[in-house]
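Please look over the chain shown below. The report after it deals with the fold, the core and a few local sites.

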Amino acid sequence: MSFKFCLGEPVATAASAQPLSTAAVDTKDAPSSTEGEESKPRFTFQAVQPKLESQWREVDWTEAQRTSLMKTVSSYKPSCEEVTRARILLLGPVGSGKSSFISSVQSVFDGRVINRAMVGSSSTSFTKKSFNIRGQKGEAPTGLVMCDIIGLGDGEITGLTLHDILSVIKGHVPEGHKFSPDQPVRSETPGYVKSPSPEDKIHCVVFVVDASKILTYPKGLSTTFHQLREHISDMGVHQVALLTHVDKICSEIAKDVTQVYKSYTIRDMMGKAAALLGMSTSYIVPVKNYSSDLDLDVNTDVLLLSAVDHILQYADLYFQDNTSQKTQFR
């Protein structure tokens with residue numbers, strides 16, 4: 001199978017996944033310190049593709065816009081009196097760019113590129129870790145907390161189960177808890193939060209998928225995503241998605257990220273990501289994480305901060321929904 005524009009030949013797919021209820025997470029160590037984001041790209045660049053005349057999503061690629069978005073994120077407060085910080089859970093395959101996204105967002109506020117260590121520590125255990133995004137130097141931390149756990153796998157009989165993922169979302173799992181496939185989260189688990197407060201719960205789930213691997217993910221992964229989305233939706237938690245590594249599938253974007261919304265390739269890949277996840281493209285935003293970069297770039301910052309703003313809008317929708325329900329039953 002071949003593709004137009006700057007995509008190359010897809011590699012052979014892996015074996016199909018089993019349902020998430022039996023196994024959901026690949027716990028094998030990733031090859032780099034940030035979940036294996038630097039793994040070999042699945043596509044090679046071809047001839048330069050034609051571009052759209054105008055952006056299919058309007059973005060203001062300016063220093064002023066970056067400053068405005070930084071202010072929006074740093075001053076964010078949840079629209080719920082019981083909650084001081086919005087808790088966001090990132091879910092996606094190993095190497096999709098979850099840890100790298102968290103590091104990249106923090107890099108924008110730190111004014112320099114930083115990298116965090118991966119959260120998986122071995123093939124049999126891994127930890128829930130939360131990161132409160134800090135504001136600029138001298139500012140208080142933002143009202144945003146990103147929770148990272150090991151990546152979703154393709155059906156091995158080890159790893160994070162559906163039960164454990166839902167326990168995280170419900171707020172039962174304490175910070176620093178070490179997950180183990182043979183020891184699911186229970187009320188007897190040390191530190192188990194029996195009566196989670198609104199602050200303990202996850203307020204938005206972000207699925208993270210790698211644009212350079214969309215066409216080679218095992219078919220079972222789509223089943224995993226759909227099953228997860230069904231259960232999470234039943235809990236009233238909104239979901240969005242990040243399409244990472246867009247610079248790896250289009251040479252134009254690798255040189256100039258402002259071309260992301262003029263690219264036929266990215267628009268086409270957004271549709272494929274939507275099919276994989278079972279959600280509309282309106283919930284999906286493309287991002288370029290800082291990986292091998294040494295210096296920040298205004299346009300990359302704008303794209304990253306726009307993604308954070310997108311996430312916070314849906315977190316706030318969760319608060320609005322729950323506030324409305326409380327008011328309704330008074």
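The text goes from the whole chain to the core, then to helix packing and single residues.

The model is predicted, so local features require pLDDT of at least 70 and side-chain atom pairs count only at pLDDT 80 or more, while totals for chains, interfaces and linings use all residues. Numbering starts from 1 along each chain as its sequence is written, and side-chain values use heavy atoms, with hydrogens and water left out.

**Whole chain**

The chain holds seven helices and eight strands. These elements are DSSP runs numbered from the N terminus: helices are H or I with at least four residues, strands E with at least two. Of its 330 residues, 55% are buried. Buried stands for under 20% relative accessible area, exposed for over 50%, and partly exposed for values in between (1.4 Å probe, protein chains only). The exposed area of the chain is about 14,400 Å², with 50% of it supplied by carbon and sulfur atoms; accessible areas come from the Shrake-Rupley method with a 1.4 Å probe, and for residues only the protein chains shown count as cover. A contact is defined by heavy atoms within 4.5 Å. Among contacts with a separation of 6 or more, 80% join residues 24 or more positions apart.

**Core and aromatic pairs**

A nonpolar core is a set of buried Ala, Val, Leu, Ile, Met, Phe, Trp, Tyr and Cys residues joined through side-chain atoms within 4.5 Å. The largest one here has 87 residues, and Phe-101, Phe-207 and Leu-243 have the most contacts inside it. Helix H7 (residues 298-328) provides the largest share of this core, twelve residues. In soluble globular proteins, nonpolar side chains tend to be buried together.

Neighbours within four places in sequence aside, the contacts of Phe-207 include Leu-91, Phe-225, Arg-229, Gln-239 and Met-279. Rings of Phe, Tyr and Trp (its six-membered ring) pair if their centres lie within 6.5 Å; planes under 30 degrees apart are stacked, over 60 edge-to-face, and the rest tilted. There are four aromatic pairs by this rule. Two of the pairs are tabulated here.

| Pair | Centre to centre | Angle between planes | Class |
|---|---|---|---|
| Phe-207 and Phe-225 | 5.5 Å | 85 degrees | edge-to-face |
| Tyr-318 and Phe-319 | 5.7 Å | 75 degrees | edge-to-face |

Phe-207 lies in strand S6 (residues 204-210) and Phe-225 in helix H4 (residues 219-234), 18 residues apart, so that the pair links distant parts of the chain. Phe-207 and Phe-225 are both buried. Tyr-318 and Phe-319 are buried as well.

**Helix packing**

H4 also packs on helix H6 (residues 264-277), at an angle of about 65 degrees and with the axes 7 Å apart. Axes are lines fitted to C-alpha atoms, for helices over the stretch in contact, and angles run from 0 to 180 degrees between N-to-C directions. Angles under 35 degrees count as roughly parallel, over 145 as roughly antiparallel, 65 to 115 as roughly perpendicular, and the rest as oblique. H4 and H6 are therefore roughly perpendicular to each other. On the H4 side, Ser-222, Phe-225, His-226 and Arg-229 meet Ala-275, Leu-276 and Leu-277 of H6.

Helix H3 (residues 162-170) is mostly covered, with seven of its nine residues buried. Among the buried residues are Leu-162, Asp-164 and Ile-169. S1, strand S5 (178-179), S6 and H4 are included in what covers them. Gly-171, just after H3, has a positive phi of about 90 degrees.

**Loop sites**

Ser-79 sits in the loop between helix H1 (63-74) and strand S1 (86-91). With 36% relative accessibility, Ser-79 is partly exposed. Apart from residues up to four places away in sequence, Ser-79 touches Asp-316, Phe-319, Gln-320 and Thr-323. The C-alpha atoms of Ser-79 and Leu-317 are separated by 8.8 Å, at 238 residues apart along the chain.

The loop between strand S7 (238-244) and helix H5 (251-255) contains Cys-250, and His-245 is found there too. Cys-250 is buried at 1% relative accessibility, and His-245 is buried with a relative accessible area of 6%. Phi of His-245 is near 60 degrees, a positive value in a residue other than glycine. Most residues other than glycine have a negative phi. From Cys-250 to Thr-265, 15 residues apart in sequence, the C-alpha distance is 7.1 Å.
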